[in-house]
Amino acid sequence: MPRRAGTSRALRAGWTKFRSVPSTTWLIVAGIGVTVAFGLLICSAVDTAGGTPGCAPGRAGCGDEDVVLNSLGGAYLGQIPIVALGVLLATTEYATGTIRATFAAMPRRSRVVIANTTLLIGVVLVAGVAASAVSFLLGQPILHGNGFVPAQGYPIVSITDPAAARAILGTGVYLALIAVLAFGVGQITRRAGSAIAIVLGLLYGPAIVSLLLQEPLQETVQKLSPMMAGLAIQSTVERADNVPIGGLAGLGVAAAWAAVAIVAASWFVRRRDV
Amino acid sequence: MSAIARRAVTAEWTKLRSMPSTTWTALAVVGITVGLTAFMASTSSTDANQAGGLPGDDDVVANALFGVWLGQVAMVALGALAATSEFATGTIRATLSAIPRRGVAFGAKVTIVAGIAFAIGAVTSVASFLVAQPLQHGNGYNAPAYPHVSLTDPLVLRAVVGTALYLTLLALFAMGVAAIVRHTAAATTVAVTLVLAPTVVLGFFTGTIREVLQWLSPVAGMSIQVTRDRFDNPPYGPWVGLGLTAAWAIGALLVGAWLWRRRDA
């Protein structure tokens, strides 16, 4: 007797499709590669001169550069292939027509959404933590070479320090949430082009807008922005330009965006013909 | 224009205007730009200065066109779709059978996209400027620090018309990228990233690298909106900035046209 098409079978079917599409591998490799490469570029470019104004360089505790954040900043660009990954996971099946076979096999359509969301979270979380751990480990020696040493007021930070470990894991969680957001938007628009434009606009738009906004609106926009709030987990030093939200609360904001996208996607998936 | 070129342009016009996505993206360009500008103008005030800003140096013209920072995303999508949708549906084979001279077919597409993008851009920037004016006046942007400006002032005209040109160049840039990769998702990702990401990651850099990034960014053309000396202005003048965006557009179109002629459809 055939087993019922439960969530575990939806997961396995999703996984087979996920790993057998070449673009998936490429986008994950690109996500890791861009994150590490851009993180290292930031580390090579930054110097200790950018400390707190009026503070003599070299005095202990004086510099306020965030060595953890700088080595993880690559995620600001590395998230782009991850967005493409999430969107394409949703839209490719509509473009090729396989979505009809998928839904015929899994008539409870929200299971397909849940299975794909689970897959994305698992894969991107691993890739994202790997990318940020590598960024951190390769970036720190470069920063040391640029003068970020204890004598200049910058204690050596290890990957096992709670703040650094939290920032690295948090960056991985952020990337997974953004992938889910992208997947949800892809399910809603069913078009790769528009979904990618919408998600990238949603991520980068508030950051550009907040350059001109004045208080208190600036703070509100930053706190509500999936990218600015979500990546606040990378901050380990008090700085004037920090997004005014705690790291975990910021990830909560990103998670809320992802959740809204998935709930809306499940609703649309059930209501519309394919 | 030869008869065949004229007919090619007519054909492209019919195709582009009958695509629902053209209407949607056009509405999005105008709507997002004007909406964001109105939001910014209605929440602006003359007393709050950004870090390093001098009192009274807000650029009311640039601020009245600020919404373009987001509206341009829809313009990029329009340009990309104009080039890739025929490859997605397969109609490109009918198009190239009807117009076997591929250079003519590509040139016709470029002409139509340029025309439509400029029309959308002009409506967008004029509407954005006009909507912002009364909101700025209401928030204290008045003489003596902020004498009122009008659409016919030379600097305003340069900013408003220049913004329309800038949006046209961006659509052509996206079209060139799309002709190169021939895939909507890839073209949109590349083009949107290039117009949004440089501004965001600029914050990580100081000194030479920052300046190099500013010179290399396709959004350099936004400098055409500058009408006042400010600490955060880019390190080049308005027309040089627009020229940088034009270089991106021309570069992408040349490579796109070359590949368009060389590859099978």
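# Reading a predicted two-chain model

Mentor: Zero salt bridges are counted between chain B and chain A, a salt bridge being a side-chain nitrogen of Lys or Arg within 4 Å of a carboxyl oxygen of Asp or Glu. The model is predicted, so local features need pLDDT of at least 70 and side-chain atom pairs count only at pLDDT 80 or more, whereas totals for chains, interfaces and linings use all residues. Residues are numbered from 1 along each chain as its sequence is written, chains are lettered from A and ligands numbered from 1 in the order in which they are written, and side-chain values use heavy atoms, with hydrogens and water left out.

Trainee: What is the mean pLDDT of chain A, and what is that of chain B?

Mentor: pLDDT is the predictor's confidence in each residue, from 0 to 100. Chain A has a mean of 89, with 93% of its residues at 70 or more. The mean for chain B is 90, and 97% of its residues reach 70 or more. For the model, ipTM is 0.87 and pTM is 0.90.

Trainee: Which elements have the lowest and the highest mean pLDDT in chain A and in chain B?

Mentor: Helices here are DSSP runs (H or I, at least four residues), numbered from the N terminus. In chain A, the lowest mean among the elements belongs to helix α1 (residues 7-20), at 83, and the highest to helix α7 (residues 162-189), at 97. In chain B, helix α5 (residues 91-98) is lowest at 85, and α7(B) is highest at 96.

Trainee: How many residues of each chain are in contact, chain B with chain A, and what area do the two chains bury?

Mentor: The size of an interface is often given as the accessible area lost when the parts come together. Here, 28 residues of chain B are in contact (heavy atoms within 4.5 Å) with 29 residues of chain A. Together the chains bury about 2500 Å², 83% of it on carbon and sulfur atoms; this is the accessible area (1.4 Å probe) lost on being put together, summed over both parts. Of the area that chain B buries against chain A, 23% is supplied by B:Val200, B:Phe204 and B:Phe205, more than by any other three residues.

Trainee: How many salt bridges are there over all chains?

Mentor: Side chains of opposite charge can pair when their charged atoms come close. The count over all chains is ten salt bridges. One of them joins A:Arg239 and A:Glu65, at 3.9 Å from N to O. A:Arg239 lies in the loop between α10 (226-230) and α11 (247-271) of chain A, and A:Glu65 in the loop between α2 (22-45) and α3 (67-72) of chain A, so this pair ties together parts 174 residues apart in sequence.

Trainee: Which peptide bonds are cis, in chain A and in chain B?

Mentor: In chain A, the bond from A:Glu215 to A:Pro216 is cis, with omega near 0°. A:Pro216 belongs to the loop between α8 (192-212) and α9 (217-224) of chain A. In chain B, a cis bond joins B:Ala143 and B:Pro144, with omega about 10°. B:Pro144 is in the loop between α6 and α7 (154-181) of chain B.

Trainee: Where in chain A is A:Arg190, and where in chain B is B:Arg182?

Mentor: A:Arg190, not a glycine, nevertheless has a positive phi of about 60°, and is placed in the loop between α7 and α8 of chain A. B:Arg182, likewise not a glycine, has a positive phi of about 55°. B:Arg182 is found in the loop between α7 and α8 (184-201) of chain B.

How values were computed. Helices (H or I, at least four residues) and strands (E, at least two) are DSSP runs, numbered from the N terminus.
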